[in-house]
Structures are given as structure tokens and as C-alpha cells.
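Please open the model in your viewer and keep the selection tool at hand. The tour goes from one selection to the next, and at each stop it says what is there.

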Amino acid sequence: MVPAPRQWLWWVAAVNWGRGVAVASLITMDDLSNEDILAVLDDAERLLPVARGQAYLPLLQGKLLGNLFFEPSTRTRMSFETAMKRLGGDVINLGDVSSSSLVKGETLYDTIRMVDGYVDIIAMRHPRQGAAQYASDSAEVPILNGGDGAGHHPTQTLLDLFTIRQAHGTIEGLNVALVGDLRFGRTVHSLSHALVRLGCSLTLVSPDSLRMPSEIIDDLQALGATIIQSEDLAVAIPSADVIYMTRIQKERFPDEDEYQRVAGVFKLAAADLAPAKGGMIVMHPLPRVDEIAPDVDATVHARYFEQAFNGVVTRMALICRLLDIAVPAVPDAGTSTDSGGES
Amino acid sequence: MPSEMSMRRVTAINNGTVIDHIPAGCAITVLKMLGVDGGRATPVTLAMNVPSEKMGLKDIVKIEDREISQSDLDKLALVAPEASVSIIRAYSVAEKLQVNLGEDVVNVAACTFANCASHGPREPLPHRLVVHGRDPLQLRCHYCGREQDMDSIVDNLL
């Protein structure tokens with residue numbers, strides 16, 4: 001029985017009474033157990049009507065998220081903001097880095113300590129690897145890592161896993177091909193860990209110069225991973241359940257010549273998908289440049305736009321989890337008695 | 001007795017520090033990390049590739065008129081975690097020090113990855129390296145998680 005709107009706050013408090021300790025911060029996928037991951041995906045599933053605007057559930061009313069993006073972002077920043085507002089919370093943004101105190105030489109530590117006093121939770125992206133851990137060690141409130149240099153991007157991983165489970169009904173036992181920039185690509189660093197832990201086989205397809213870092217390969221093998229490494233995308237297509245394309249990130253290369261040697265090396269067109277399994281899905285964290293041709297969009301395999309939408313629902317679930325707020329069953333679309341009131 | 005023969009290769013010192021059981025070939029690195037260079041007025045003795053029962057081959061360093069500190073021992077742990085250190089006074093062993101490499105190496109060396117967040121100018125949190133493996137020694141940065149380049153870590157000592 002869903003309570004009337006005026007009873008929401010009392011009801012949310014009652015649901016959360018006696019819950020376990022929240023996850024402190026989400027910096028890498030090591031901060032979540034397999035059970036945590038599946039619980040977040042289940043919470044996200046329940047929140048789908050709220051993310052679509054078909055139901056209103058103000059679980060985060062009175063809560064404030066600090067969106068600290070020291071590096072450009074469209075999807076991640078906007079989906080954090082959408083997630084917060086769909087659940088009745090609010091957001092403050094760092095804004096343009098060039099007009100902040102950072103240009104005056106303020107340390108990351110001081111910036112975080114200051115914002116820490118303003119908000120209940122922080123989502124951040126930073127060009128330096130390790131910045132999210134550094135922020136977490138500086139702050140009292142939970143930190144959600146929205147990407148730290150070429151390090152990790154665990155919130156992207158949750159939405160990727162959600163998309164995979166949505167398409168295949170399961171994650172365990174799938175063969176996932178990670179393609180492109182595996183060296184600098186933080187999305188694949190986090191995703192590979194989670195996939196292996198959840199029982200997937202990996203095919204890593206990249207140019208030799210953009211192979212997955214050795215410490216990550218070591219970690220994956222220590223987890224018992226079955227890994228095939230290849231430079232040929234065509235070989236990976238027939239056996240893949242998921243092809244996860246990534247952009248060769250020009251901004252991560254130390255020089256233009258090195259980038260030009262590998263730019264455009266993997267391009268996936270609809271015709272290339274002829275030998276693929278019927279249920280195989282093509283994913284991409286976006287933005288894409290030329291690694292997926294527009295004609296793939298119309299195939300049954302394309303999932304990257306649904307994937308981007310899933311960023312909202314999984315981030316809703318993650319914010320609730322880090323703030324130790326239980327996600328209840330959500331009424332079916334159209335049955336909510338609340339007509340609005342989002343802050 | 002190979003160890004006695006080894007010790008006889010270099011003369012006894014009056015006062016100072018003897019560092020034994022340094023991995024073969026690492027004595028010069030040890031001197032560099034302790035800041036011992038050609039500018040010293042007192043003798044420094046170095047023996048490399050000395051036969052050792054325990055290690056096969058080892059290096060030995062004797063530094064006269066200097067007793068190494070705890071912070072020196074912390075640095076030494078990164079290159080010679082099995083080293084035995086003796087403080088010598090009046091030709092006798094006055095103290096034996098143990099090199100103990102804990103799980104966390106705090107404010108001994110900075111991360112060798114140039115784009116690590118810990119390198120930000122005036123950032124106040126301590127530099128932290130975490131022991132990931134001991135034989136061979138593998139360290140990872142607490143912040144960025146990158147495996148440390150053990151060949152260049154001497155250049156990053158604090």
C-alpha cells in the first residue's frame with residue numbers, strides 16, 4: 001500500500017529504520033560486493049517508472065547533491081542531476097571550472113572540504129586518476145566517482161550491467177567483447193572487473209598500443225577470468241553476446257602522432273553484424289565518433305541509447321544506496337496519487 | 001661460512017651503519033636513496049655480488065659516521081626489504097634494526113604515475129603506496145591504483 005503524498009516523509013523514514021550501514025563511497029567496483037551490485041540493479045528496476053516520469057517518489061526530498069565536474073561531461077552530469085530531481089532532491093553544480101576558485105590555485109582537498117559542508121553527497125569527475133579516492137579521503141559525505149582520468153567509472157558500470165541484464169535476463173555466463181581504447185578507457189576498466197566477478201568471459205579487442213593495463217589483467221586473472229586478447233574485431237563478433245565499443249579518446253594521448261596511428265582503427269557497420277547472434281547487443285558509453293556507423297542504430301542489436309537512459313535509473317538507485325535510503329516498490333504508472341511537486 | 005667470508009671482504013668500521021643483505025646489484029640504489037654521494041668527507045664502503053647463503057648473492061654497504069634514521073629505514077624497505085641494519089659504535093654492534101615493510105607505505109615515496117591526483121600542487125593528504133606483492137615487491141598507489149615503476153621509485157622518494 002503506497003501512502004498518500006503528505007505521509008511520504010514519515011513513510012520513507014519508517015522504511016529506512018534499522019537499515020544496515022550504507023556504502024561509504026563508490027570509487028571503484030571493489031566498493032560493491034556482487035550482492036550489492038545485484039541489489040542496485042533490482043532497485044534500479046523498481047525505479048524505472050520514476051525515471052520515465054510515470055510515477056513520483058520523493059525519496060530524496062531535502063537531500064542535496066554536489067555535481068563537481070572538473071572535466072567535460074554531458075550524460076553523466078545530466079543523468080546525476082535528473083536522477084536527483086526525479087526523486088525529489090536538488091543539485092548544485094560546480095559550473096565552469098575556469099570561473100571557480102580552482103583557477104586561483106585552490107587544492108582539490110580544500111574544494112572538497114568546502115562542498116562537503118554544503119551537500120549530502122558528491123558526484124565528481126576529474127582529469128587526474130585517483131582524484132575520487134583523494135576526494136573520498138578528504139570528505140565526510142559519500143563520493144560517487146563519475147570518472148577519474150584513465151582510472152575508473154563505476155557508475156557507468158552499473159548502468160552497463162543494468163542494460164546487459166535487461167537484454168539477456170542475466171549477466172552470468174555471457175561472452176562480452178570490449179573493443180577500442182582499453183588502455184585509457186576508464187569505463188572498460190571498471191566494467192571488466194564487474195563482468196568477471198559476475199561470471200562473464202571477456203574478449204579484449206584493441207590495437208597493441210591500447211591494450212588493457214597489465215595491473216588490470218593481473219587482477220582479472222587473479223579472479224579466475226577467461227580472457228582472449230585480439231586486435232581483430234571481426235573474429236570476436238560471431239561468439240559475442242555483447243559488443244562494447246569505446247571511443248579512442250584523443251584527449252588522453254600524450255601526442256597527436258600517437259593518436260593518429262590508432263584513430264578510426266575499429267569501425268562497426270550494420271553489414272559487419274551479419275555473423276552475430278540474434279540476441280547480441282551493441283553498447284557504447286557515448287559519445288561516439290566513427291566507431292559505430294549510423295546504420296547500426298536501426299538494427300536489433302543497437303542498445304546505446306537505452307544504455308544512456310539507464311544512467312538515470314541506476315544513478316537513482318546508487319544515490320539512494322549511498323544515502324542509506326531504501327527503495328520501495330513503486331506504484332504502476334498512472335496509479336500515483338501525487339500530481340507533482342518536484343523541487 | 002660464506003657470511004663470515006663476505007664480511008671479511010670489507011673492513012670493520014669504528015662508528016656508523018652497516019647494511020647487509022641488500023639484493024645483489026642494488027647497493028648503488030641504496031646509497032642514492034640515503035642521499036650518500038661523492039660529497040661526503042667520511043668513508044663509504046660498498047661490496048657487490050658477494051656470495052650469501054641466504055640470498056645467493058648480496059650487496060653490503062658500510063657508511064662511516066652516520067647512523068641511519070627511521071625515515072631512512074622506511075626508504076630502504078622499498079629496495080631492500082630483507083636488509084639487516086647494524087648501528088656500529090666503537091667497533092661494536094650497538095643496535096640491530098629491522099627493516100619492516102608494512103602494508104601501507106606512507107609519505108616515503110610519491111606515486112610514479114605522473115597524472116595521479118596526489119601530485120597536485122600543495123595537496124595536503126599523505127602519499128600512500130600499498131604493498132600488493134612482496135616477492136618481488138609490488139606497490140600500488142592508494143589513490144590512483146597504478147602499479148608503481150620500481151625502477152623509478154628512487155627518484156620519487158620524499
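The stops below take in confidence, then the two domains of chain A, then the contact between the chains.

**Stop 1: colour by confidence.** Keep in mind from the start that this is a predicted model. Select chain A and colour it by pLDDT, which averages 89 over the chain, with 89% of the residues scoring at least 70. Now select residues 8-21 of chain A, where the pLDDT is below 50, although this stretch still has 20 contacts in the model beyond near neighbours in sequence. A second stretch to select is residues 335-343 of chain A, where pLDDT stays under 50 and the model has 15 contacts beyond four places in sequence. Where pLDDT is low, the predicted coordinates should not be read in detail.

**Stop 2: the two domains of chain A.** Give one colour to residues 5-152 together with 308-322, which the domain assignment calls domain 1 of chain A, and another colour to residues 155-301, which it calls domain 2 of chain A. The C-alpha centres of these two domains of chain A lie 26 Å apart. Where they touch, domain 1 of chain A brings 35 residues to the contact and domain 2 of chain A brings 22 residues.

The size of an interface is often given as the accessible area lost when the parts come together. For domain 1 and domain 2 of chain A this buried area is about 2,400 Å², and carbon and sulfur atoms give 56% of it. To find where domain 1 of chain A loses the most area to domain 2 of chain A, select M29(A), L41(A) and N310(A), which together account for 24% of what that side buries.

**Stop 3: charged and polar pairs between the domains.** Side chains of opposite charge can pair when their charged atoms come close. Across the interface of domain 1 and domain 2 of chain A there are three salt bridges. Show the side chains of R165(A) and D42(A), which form a salt bridge with their closest N and O atoms 3.0 Å apart. Between the two domains of chain A, 13 residue pairs are in polar contact, counting pairs with both residues at pLDDT 80 or more.

Which elements give two or more residues to the side of domain 1 of chain A that touches domain 2 of chain A? They are helix 2 (34-46), helix 4 (75-86), strand 3 (121-126), strand 4 (143-148) and helix 12 (304-322) of chain A. Select helix 2 of chain A, since it gives the most to this side, with eight residues. By class, the side of domain 1 of chain A that touches domain 2 of chain A has 16 nonpolar, 11 polar and eight charged residues.

**Stop 4: a pair within one helix.** Select K85(A) and E81(A), whose side chains meet in a salt bridge (3.5 Å, N to O). Both residues lie in helix 4 of chain A, four residues apart, about one turn of the helix.

**Stop 5: where chain B meets chain A.** Show both chains and select their contact, to which chain B gives 21 residues and chain A gives 16 residues. The area buried between chain B and chain A is about 1,600 Å², with carbon and sulfur atoms giving 48%. In chain B, select A117(B), E123(B) and L125(B), which lose the most area to chain A and together make up 31% of what that side buries.

Two salt bridges cross the interface of chain B and chain A. To see a salt bridge between R146(B) and E215(A), show both side chains, whose closest N and O atoms are 3.6 Å apart.

Conventions. Residues numbered from 1 in each chain as written. Chains lettered and ligands numbered in written order. Heavy atoms only, no water. Domains from an automatic or database assignment. Contact = heavy atoms within 4.5 Å. Buried area = accessible area lost by both parts, 1.4 Å probe. Salt bridge = Lys/Arg side-chain N within 4 Å of Asp/Glu carboxyl O. Polar contact = N/O pair within 3.5 Å; in protein donor to acceptor, adjacent residues only side chain to side chain. Nonpolar A, V, L, I, M, F, W, Y, C, P; charged D, E, K, R; others polar. pLDDT = per-residue confidence, 0-100.
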